[in-house]
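Work through the exercises below with the sequence and the 3D view at hand. Each task is followed by a solution in steps.

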Amino acid sequence: MTDYPAMHGPSRPDWNCLVCGEPWPCLVRKRQLKELCQCNVRALERYMSEYLRDAHQEIDGQSTAEITERFVGWCSKPLEVWLTQGSKPIDSEAPTSQETSR
Ligand SMILES: [Zn+2]
């Protein structure tokens, strides 16, 4: 494990990344969370839901749907979606498109 130079956490109440300034969760943070949860979508969504509650109250100018998509919507999507920038490939783990809802 490497030490992260800084935590890619949200600055509030504007909800941009403290490090890159992108709308949080930023690409780096998403990657970290994906690795952390090992693509366990449910765990990820549960984790992000904690932030979602606060974000709904603090973010202006975005609809509920947009905020939900921004915070939780990405959890169930394969990580490659965000790999357009910063071209460091992550170990090719096949995204499980099948939902095991049980
Ligand atoms: Zn960041």
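The expected span of a helix is 1.5 Å times one less than its number of residues. The model used here is predicted.

**Exercise 1.** Find out whether the span of helix 2 agrees or disagrees with its number of residues.

Solution. Step 1: helix 2 covers residues 41-58, which is 18 residues. Step 2: at 1.5 Å a residue, the span should be 26 Å. Step 3: the C-alpha atoms at the two ends are 25 Å apart, so the two values agree. Step 4: follow the axis of helix 2 to Glu50, where there is a bend of about 30°.

**Exercise 2.** Place helix 2 among the elements of the protein.

Solution. Step 1: count the elements; the protein has two strands and three helices. Step 2: read from the N terminus, which gives the order β-β-α-α-α. Step 3: look at what lies over the buried residues of helix 2; the cover includes helix 1 (27-37) and helix 3 (64-71).

**Exercise 3.** Identify the residues of the largest nonpolar core and the element that gives the most to it.

Solution. Step 1: note that 14% of the 102 residues are buried. Step 2: in helix 2, the buried residues are Leu44, Met48 and Ala55. Step 3: the largest nonpolar core has six residues, joining Leu44, Met48 and Ala55 with Phe71, Trp74 and Cys75. Step 4: helix 2 gives the most to this core, namely three residues. Step 5: check Cys75; beyond its neighbours within four places in sequence, Cys75 is in contact with Val41, Leu44, Glu45 and Met48.

Terms used:
Residues numbered from 1 in each chain as written. Predicted model: local features only at pLDDT ≥ 70, side-chain atom pairs only at ≥ 80, totals over all residues. Helix = DSSP H or I, 4+ residues; strand = E, 2+ residues; numbered from the N terminus. Buried ≥ 20, exposed ≤ 12 C-beta atoms within 10 Å, placed from the backbone. Bend = angle between axes of the 7 residues up to and from the residue. Contact = placed C-beta atoms within 7 Å. Core = buried A, V, L, I, M, F, W, Y, C linked by C-beta atoms within 7 Å.
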